[in-house]
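Reader: Could you walk me through reading a helix pair and some odd backbone spots?
Author: Sure, let's look at the model together.

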Amino acid sequence: MPSPYPGMDPYLEGYLWPDVHHRFATEISDQLTPQLRPRYVARIEIQVVVDEDPGGEIGIMYPDVEVVHSQRHSSAPTPAIGEGASVGGAMVAEAPAATPASVMIELPNPEVRLSTVEIYDTAQNQLVTSIEILSPVNKREPGLAKYRAKWHRLRRAHVHLLEVDLLRRGQRAITHAKIPESLWRVGLHRAGSIRFHAWTLNVADRLPIVPVPLRQPDADVMLDLGQALQTIYERAAYDLSIDYTASPPPPPLSADPYSQSNSSSS
């Protein structure tokens with residue numbers, strides 16, 4: 001069954017996101033490969049990073065923290081003051097018993113796998129285009145600063161950068177007064193250019209077909225993000241895991257004034 005949303009499905013932004021992220025990168029690579037060969041290839045780069053501040057994602061992408069054990073007082077007997085044990089006939093004072101912790105919890109796994117689709121030329125095996133699919137760790141500190149640093153490294157290396165941001169929460173790496181506010185965004189920076197093209201997306205918008213630049217004089221190839229998302233949604237049977245009668249992951253859609261169609265490019 002397809003998603004009830006024409007474009008990005010906000011219900012995919014929760015605990016399903018790691019699976020969506022991985023499948024989306026794979027489908028993008030599969031969709032581009034027939035258009036790229038024989039001069040280029042698409043490869044998926046997996047980077048494992050530590051989520052240094054996962055608290056904001058608990059209950060959204062990570063499971064709720066589970067209270068495994070909670071107690072106010074220990075039920076074990078505590079030795080009386082001055083009471084000790086006899087060792088070889090001599091009284092030896094016992095070490096005081098440790099005070100039991102009030103709560104014991106299980107913390108979520110802080111490791112996050114980030115999948116990037118990278119396009120290389122087959123003649124020299126050089127990186128030409130990087131397609132970044134953002135995860136929450138990229139949109140808040142300290143991961144945001146690291147992602148911005150990667151942006152600058154790619155620009156200096158004259159690599160095209162296509163950024164796919166399908167998460168409503170967090171801070172965007174590139175901000176500008178002329179880019180309309182939106183729930184989701186796709187951005188393109190061509191190597192050697194000072195221009196940043198943005199596709200701003202809201203609930204009523206279908207994900208765009210965007211150009212993927214290669215090396216001149218080769219023409220751009222087209223990437224249908226809507227088709228890619230629809231394909232993985234149906235293949236993964238996400239409809240069987242989502243309760244559409246409940247509220248989507250935060251932030252609340254009803255509180256966002258840009259929930260209507262507002263597609264544009266800058």
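Author: What follows is a short talk through one helix contact and a few backbone features. This is a predicted model, where local features need pLDDT of at least 70, side-chain atom pairs count only at pLDDT 80 or more, and totals for chains, interfaces and linings use all residues. Residues are numbered from 1 along each chain as its sequence is written, and side-chain values use heavy atoms, leaving out hydrogens and water.

Reader: At what angle do helix 1 and helix 3 pack?
Author: Axes are lines fitted to C-alpha atoms, for helices over the stretch in contact, and angles run from 0 to 180 degrees between N-to-C directions. Here helix 1 (residues 17-36) and helix 3 (residues 225-235) pack at about 125°, axes 9 Å apart. Helices are DSSP runs of H or I, at least four residues, and strands are runs of E, at least two, numbered from the N terminus.

Reader: Which peptide bonds are cis?
Author: Most peptide bonds are trans. A cis bond joins Glu 141 and Pro 142, omega about 0°, and Pro 142 sits in the loop between strand 7 (127-133) and helix 2 (143-156). Another cis bond runs from Gln 216 to Pro 217, with omega near 10°.

Reader: And is His 158 buried or exposed?
Author: Buried means under 20% relative accessible area, exposed over 50%, partly exposed in between (1.4 Å probe, protein chains only). His 158 counts as exposed, at 56% relative accessibility. Its phi is positive, near 60°. Ala 237 has a positive phi too, about 55°, but is partly exposed at 24%.
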